[in-house]
Amino acid sequence: MRIIPVIDVKGGVVVHAVAGQREKYKPIKSKICPSTDPLEVAKVFKNIGFKELYLADLDSITGGKPCYTIYQNINKTTNLLLMVDAGVSNIEKFKELLKYGVTKVIVGTETLSDLQFLREVAHSYRENLVVSIDLYGRKLLSLCEEVKNKDPLTVMLSFKDMGVKEFIVLDLSRVGTSKGIDLPFITEVVKNVKASILVGGGVKDIHDLLKLRNIGVSGVLVATALHNQRITIDNLKKEGFL
């Protein structure tokens with residue numbers, strides 16, 4: 001199972017995301033990195049031994065311009081496999097991200113407004129696509145009328161039929177809270193969708209990671225538990241995650 005560290009970038013600095021309340025996010029206070037500069041935080045994760053990095057570009061997600069220079073610098077300096085959520089909702093923006101060192105572009109249901117766009121990228125850029133099933137609790141967040149208010153599991157199965165190979169199940173209500181994971185729901189997803197499933201939101205400690213590995217999750221997104229050292233490098237090495 002892959003452990004993928006997360007950086008949430010807002011106003012050019014790494015912030016501590018909590019429960020999806022973006023207007024309240026403040027710069028991170030980390031026990032593993034004294035800096036809030038995205039490149040410096042990415043370098044720390046690289047030095048620890050991680051191979052991938054998830055970057056949420058919060059300014060772009062909320063309608064601003066993507067921070068292309070940050071993506072490019074992280075890619076060139078660290079060589080980490082970079083997956084980015086920049087609120088992409090059209091094919092031009094999708095292709096633009098790939099030019100700046102992004103390996104996998106995340107299309108989140110929260111900002112998805114058009115299923116035809118998803119069909120296009122699932123057909124032409126399948127290897128570069130990750131679909132994030134953005135939830136608040138178990139409620140699906142979306143601008144798209146065709147999926148809004150539908151059962152998340154049903155939506156995932158329909159996206160899989162379009163050709164989507166990898167999903168993130170991201171519960172925004174749990175992000176940054178260390179509440180723990182919704183294991184019954186994730187178990188149901190893994191059992192029924194049968195795709196590469198990444199999980200984010202609320203990971204508390206190494207025990208959460210072990211539970212997720214046991215049910216067959218492909219990867220886990222982690223931020224807060226790394227910065228506050230509830231999950232340590234020694235924990236990760238001991239359990240074979242690094």
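Trainee: Why does Cys-144 count as buried?

Mentor: This is a predicted model, so the value is computed from it. Cys-144 has 1% relative accessibility. Buried means under 20%. Cys-144 therefore counts as buried.

Trainee: What makes Cys-33 buried?

Mentor: The cut-off is again under 20%. Cys-33 has a relative accessible area of 4%, so the word buried applies.

Trainee: How many disulfides does the structure hold?

Mentor: It holds 0. A disulfide is a covalent bond between the sulfur atoms of two cysteines.

Trainee: Why is Cys-33 not in a disulfide with Cys-67?

Mentor: Cys-67 has the cysteine sulfur closest to that of Cys-33, and the distance is 17 Å. A disulfide needs the two sulfur atoms within 2.5 Å. The pair is therefore too far apart for a bond.

Trainee: Where is Thr-78, and how do you know whether it is buried or exposed?

Mentor: Thr-78 is found in helix α3. Its relative accessibility is 2%. Exposed would need over 50%, and buried means under 20%. Thr-78 is therefore buried.

Trainee: Which residues does Thr-78 touch, leaving out those up to four places away in sequence?

Mentor: Ala-42, Lys-43 and Lys-46. To count as a contact, heavy atoms must lie within 4.5 Å. One of these residues, Ala-42, is also among the buried residues of helix α1, residues 38-48.

Trainee: Which other residues of α1 are buried?

Mentor: Pro-38, Leu-39, Val-41, Val-44, Phe-45 and Ile-48. The buried residues of α1 pack against β1, β2, β4, α3, α9 and α10.

Trainee: What makes the link between Asp-37 and Leu-39 a polar contact?

Mentor: A side-chain oxygen of Asp-37 comes to within 2.9 Å of the backbone nitrogen of Leu-39, at the start of α1. The cut-off for an N or O pair is 3.5 Å, so the distance fits. After α1 comes Gly-49, with a positive phi near 125 degrees.

Trainee: How do you know that Asp-134 is buried?

Mentor: Asp-134 has a relative accessible area of 3%. Set that against the limit of under 20%, and Asp-134 is therefore buried. Its place is in strand β7, residues 129-136.

Trainee: What does the side chain of Asp-134 reach?

Mentor: The backbone nitrogen of Glu-110, at 3.0 Å. The limit for a polar contact is 3.5 Å, so this distance is inside it. Beyond residues up to four places away in sequence, Asp-134 touches several others, including Gly-108, Lys-139 and Leu-170.

Trainee: What makes a space a cavity, and how many are there?

Mentor: A 1.4 Å probe fits in a cavity but cannot get out. The search finds 2 cavities of 30 Å³ or more. The largest holds about 440 Å³ of space. It is lined by 35 residues, and Val-6, Asp-8, Ala-17, Leu-170 and Val-175 are the closest to its centre. That lining has 19 nonpolar, 11 polar and 5 charged residues.

Trainee: What is known of the second largest cavity?

Mentor: About 90 Å³ of space lies in it. Its lining includes Leu-135, Phe-185 and Gly-201. At least two lining residues come from each of β9, α7 and β10.

Trainee: How does that lining divide by class?

Mentor: The second largest cavity has 6 nonpolar, 3 polar and 3 charged lining residues. Gly counts as polar, so Gly-201 is among the polar ones.

Note on methods:
Residues numbered from 1 in each chain as written. Predicted model: local features only at pLDDT ≥ 70, side-chain atom pairs only at ≥ 80, totals over all residues. Heavy atoms only, no water. 1 Å grid on protein atoms, 1.4 Å probe; cavity = no way out; pocket = protein on both sides within 12 Å on 5 of 7 lines; lining within 4 Å. Points joined across faces, edges and corners; volume = space filled by probe spheres on them. Helix = DSSP H or I, 4+ residues; strand = E, 2+ residues; numbered from the N terminus. Buried < 20%, exposed > 50% of the residue type's maximum accessible area, 1.4 Å probe, protein only. Polar contact = N/O pair within 3.5 Å; in protein donor to acceptor, adjacent residues only side chain to side chain.
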